[in-house]
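These are my notebook entries on a set of look-ups in one structure. I record each query with what it returned.

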Amino acid sequence: MLFNSLSFLAFCLVFFPLYYSVHQRSVRARNVLLLIASYIFYGAWDWRFLSLIAFTSAWDYAAALALHRSRRPEIRKAILVTSVGLSLGILAVFKYFNFFIESFGALLSPLLPIAVDNWTLRIILPVGLSFYTFQSISYVVDVYRGDLEPTTSLLDYAVYVALFPQLVAGPIERATHLLPQVAERRRITATDIEAGVALVLMGLAKKILIADNASPIADHFFQHHAQLGGADALIGSLAFYVQIYADFSGYSDIARGLARLMGFDLMINFKLPYLASNPSEFWQRWHISLSQWLRDYLYIPLGGNRRGWGRTLLNLMVTMTLGGLWHGAAWNFVLWGVFHGALLCAYHVVTRAHAAPARPQHGVMRAVHVIALNGAVLFGWMLFRAESLPQIAQIVRGLTSATTAFTSAHGPTLALLLGATWLHDCLACRTRNMTFPLQWPAPWRAIAYATVVALMLLVGNDIGAQFIYFQF
Amino acid sequence: MRAGKAASAPPGAPIRKNTRCGPAVLQDVAPIRDWRQVTIVLTASALLLALLNLAAARFAQPSERWNRGEFIIDTKWRLASAGTPADLVFLGDSTCLVSLDPAHLPADAGLAVNLCTVGDVLPLADLYLLERHVRHAGAPRAIVVMHAYDIYSRQLSLENFMLLPFGPFEAARRAATLPGFLPHQQIAFGVRSVFEKLFPLYGRRAQLRAELGVAPRRQYRHVPISALGYMPTVKTSATEVEDDAVFHRRSAQQHPDYQLTSYGQYTIDRLGRLAEHEGFTVYLVPSPLYRGLREDPAFGLIYQQYLTQLKAVAAARPCVVPMLDQEWLFDASEMQNADHILPEHAPAFTARLAAAIAAAPTPCR
């Protein structure tokens, strides 16, 4: 069930009246309703995978309780390894099995007497698996570290894992932040309602008005790149640059808005990433819940920056490469991760050489840095979007060939979409507020909400287009 | 006020101090508001949206230059509501629309009205239009139902169902009675119908975009529809009949098994029941057909299956008379394409058909 579909609208028309009728009466009744609704929402894709999410929830719930009760370090470690190993094992089987088998087979094909195709499995990737698996792992690790008391309620934990606004594409919420909200009675204020509506509308506008209109341009370029060249590559890649930002941050806004309408507070997942002036800042602004997860559960356990300069760079590369692989079982995602790891390493080396400038940049210098970083990010998105390594090489080679009519046909539309994205980011930056429309006077807000809905209905490319991050 | 958790450092690299809108200072800032303030804003935006929607509904009316099929259906809908008295009502698709001219009905056959539309809405439109006509003008003496053979084997799409000018809830109610759908599909069909009809900003967005100049407009040619519903066809190419025949032959070779859909069966059954209730006869008539196509062996097999299946359905209702053995064959020079005749042959065809009906049994009156 997609947020931008009529079926989800129908789902909300049934769910929210029910939710508001029970949420003040009893936490348990509210959570039972939330769990049923979340499972219906998830089961609408494929009900068979409900067993997977239910199993993950039950297993990690039990593991956390066992960790809390156990005093012996070796037993605690065994529980942790078993729990995390099982979660990663599920992820490995459903997401990476075929990838590793095929890659292994391609590498050893001259030596193998049989085709590896025979060993691959016909496995469908359950939507949201990467997101809820990471969420569940973080809970068990936090309990192991003693940062969190495990919940004694399986219902609360199952709601934390499956809460439908953020179930399929995040934000990857920490139990320390979300679980207490699930367990407590929460008052929903008028401010929550308007903030929720504003966030949902902002997210839908990003998705339907911007991402879905940039998508055909990007798709056309990456499908026909062999016939296109020169500035076409820039137009095609820029279209994807706009699309992925509007698509994913739009999803996060909708998720946060829906949660807010239910009285929950989800973390901000995007903070104007294209205004970043260096790679480190970019990852403080882009998919924040994932970069924080990678930092806390991968980079720091690897040693972080505490084991010398060389080890820090290695840790950065490992973290970012695995972060790339998290996005999908394909070499272009690995390459994208390696590219961003290299950017972070280069930045680390440069800042170390210049004794890390602590004062903020302003004016022209910052603008130059922002543009340079965006150039690198744009190249990264080209790696990310490409379907194969030969395609990447072909696109790069095509940069020297002649520009075609593609650029003049799509340039104006793309300029409009880039302008809208830039305007949103500038307004948010100026007000330092990710929900800046809420600060406008009442008449302007009313006009803005109505206009956004009318524009979505009127010029939306197609209600129901898939969000990019659903595939991860 | 609620605020999202501040971002902390990502893997590696020292953190810069915050710039004007650095990640640490960017938050959700929602000024505290009471229920009255929020209700006013949300109600005002809902009212504004309703106004925009009303404007869209007035602006994006069915138009010949946007969608001729929808325009024809809408014209016939109004004709059916006009209370035009008729002894004979012609129902069917465009083959009937362009070949039966009520103005040329022999005087002894009485008055007639042509409520034929287009094939997109399948035979279902016949039922809806006749119900409307009976409500406003009373029951006719007889009705003629004429469709091209392939209309009875086509599936219904939501886009085509939306061409019928029902109100939002009437569309949903009709969708709920459509045959050939599972209950959840009927619900989805109904919900979408209500949404598209209630929100012309969405349901008619393609037309609105074109009218506002943000999408290309369609080319069109004006063809008048007479007061009694006849619309002449226009020949656009000398080879159109043969080209169309080639298409039908190829289709017959590729899909040699003909299957009457549930919509066709449902419509004939409902028309038959209405005829029994109101006391009139339903004549099922095949459309005009290009002689060269009818003589093709592969096409002949398909056509025979169509005739047999339609007769079987007709046999279940006593007021339905299948006049399917009398075929109406024409030469290429008399036709616009393989099943549409040219306007100059419509008067004679109308008179011949009226004579055939006069000679046919009249089980219900």
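Is Phe49(A) buried or exposed? I looked up its relative accessible area, which is 12%, so Phe49(A) is buried. I note at the outset that the model is predicted.

**Entry 1: aromatic pairs**

I searched the whole structure for aromatic pairs and obtained 57 over all chains. I took up the pair of Tyr42(A) and Tyr132(A), which is edge-to-face, with 6.2 Å from centre to centre and 80 degrees between the planes. This pair links distant parts of the chain: Tyr42(A) belongs to helix α2 (residues 27–43) of chain A and Tyr132(A) to helix α5 (residues 129–145) of chain A, 90 residues apart. I checked the burial of both residues, and Tyr42(A) and Tyr132(A) are both buried.

I then examined Phe49(A) and Phe94(A). Their ring centres are 6.0 Å apart and their planes stand at 90 degrees, so I entered the pair as edge-to-face. I located Phe49(A) in the loop between α2 and α3 (50–69) of chain A and Phe94(A) in helix α4 (residues 73–108) of chain A, so this pair ties together parts that are 45 residues apart in sequence. Phe49(A) is buried, whereas Phe94(A) counts as partly exposed because its relative accessibility is 23%, and buried requires under 20%.

**Entry 2: a charge over a ring**

I looked up Phe240(A) and found Arg385(A) over the face of its ring, at 5.9 Å from the ring centre.

**Entry 3: helix α10 of chain B**

I recorded that helix α10 (residues 240–254) of chain B has 15 residues and reaches 21 Å from its first C-alpha to its last, close to the 21 Å expected at 1.5 Å a residue. I listed the buried residues of α10(B): Glu240(B), Val241(B), Asp244(B), Ala245(B), His248(B), Arg249(B) and Ala252(B). I place them on the same side of α10(B), because they cover an arc of only 165 degrees around the axis. Gln253(B) and Gln254(B), on the other side of α10(B), are exposed. What do the buried residues of α10(B) pack against? I found β5 (289–290), α12 (291–294), α13 (297–314) and β8 (335–337) of chain B.

**Entry 4: strand β4 of chain B**

I checked strand β4 (residues 281–286) of chain B and found that six of its six residues are buried, so the strand is largely enclosed by the rest of the structure. Thr281(B), Tyr283(B) and Val285(B) point one way from β4(B), while Val282(B), Leu284(B) and Pro286(B) point the other way. I recall that side chains alternate between the two faces of the sheet in a regular strand.

I next looked up the strand partners. Strand β3 (residues 142–147) of chain B pairs with β4(B) in the parallel sense over six bridges, and Ala142(B) has Thr281(B) as its bridge partner in β4(B). Strand β6 (residues 320–322) of chain B also pairs with β4(B) in the parallel sense, over three bridges. I found Tyr283(B) opposite Val321(B) in β6(B).

**Entry 5: Leu313 of chain A**

I located Leu313(A) in helix α13 (residues 309–327) of chain A. Why does Leu313(A) count as buried? I attribute this to its relative accessibility of 17%. I then asked for its contacts, leaving aside neighbours within four places in sequence, and obtained Cys345(A), His348(A) and Val349(A) for Leu313(A). The C-alpha atoms of Leu313(A) and Gly341(A) are separated by 8.5 Å, and these two residues are 28 residues apart along the chain.

Conventions:
Residues numbered from 1 in each chain as written. Chains lettered and ligands numbered in written order. Predicted model: local features only at pLDDT ≥ 70, side-chain atom pairs only at ≥ 80, totals over all residues. Heavy atoms only, no water. Phe/Tyr/Trp six-rings, centres within 6.5 Å; stacked < 30°, edge-to-face > 60°. Helix = DSSP H or I, 4+ residues; strand = E, 2+ residues; numbered from the N terminus. Buried < 20%, exposed > 50% of the residue type's maximum accessible area, 1.4 Å probe, protein only. Lys NZ or Arg CZ within 6 Å of the ring centre and 35° of its normal. Expected span 1.5 Å × (residues − 1). Arc of directions from axis to C-beta. Contact = heavy atoms within 4.5 Å. Pairing = 2+ DSSP bridges.
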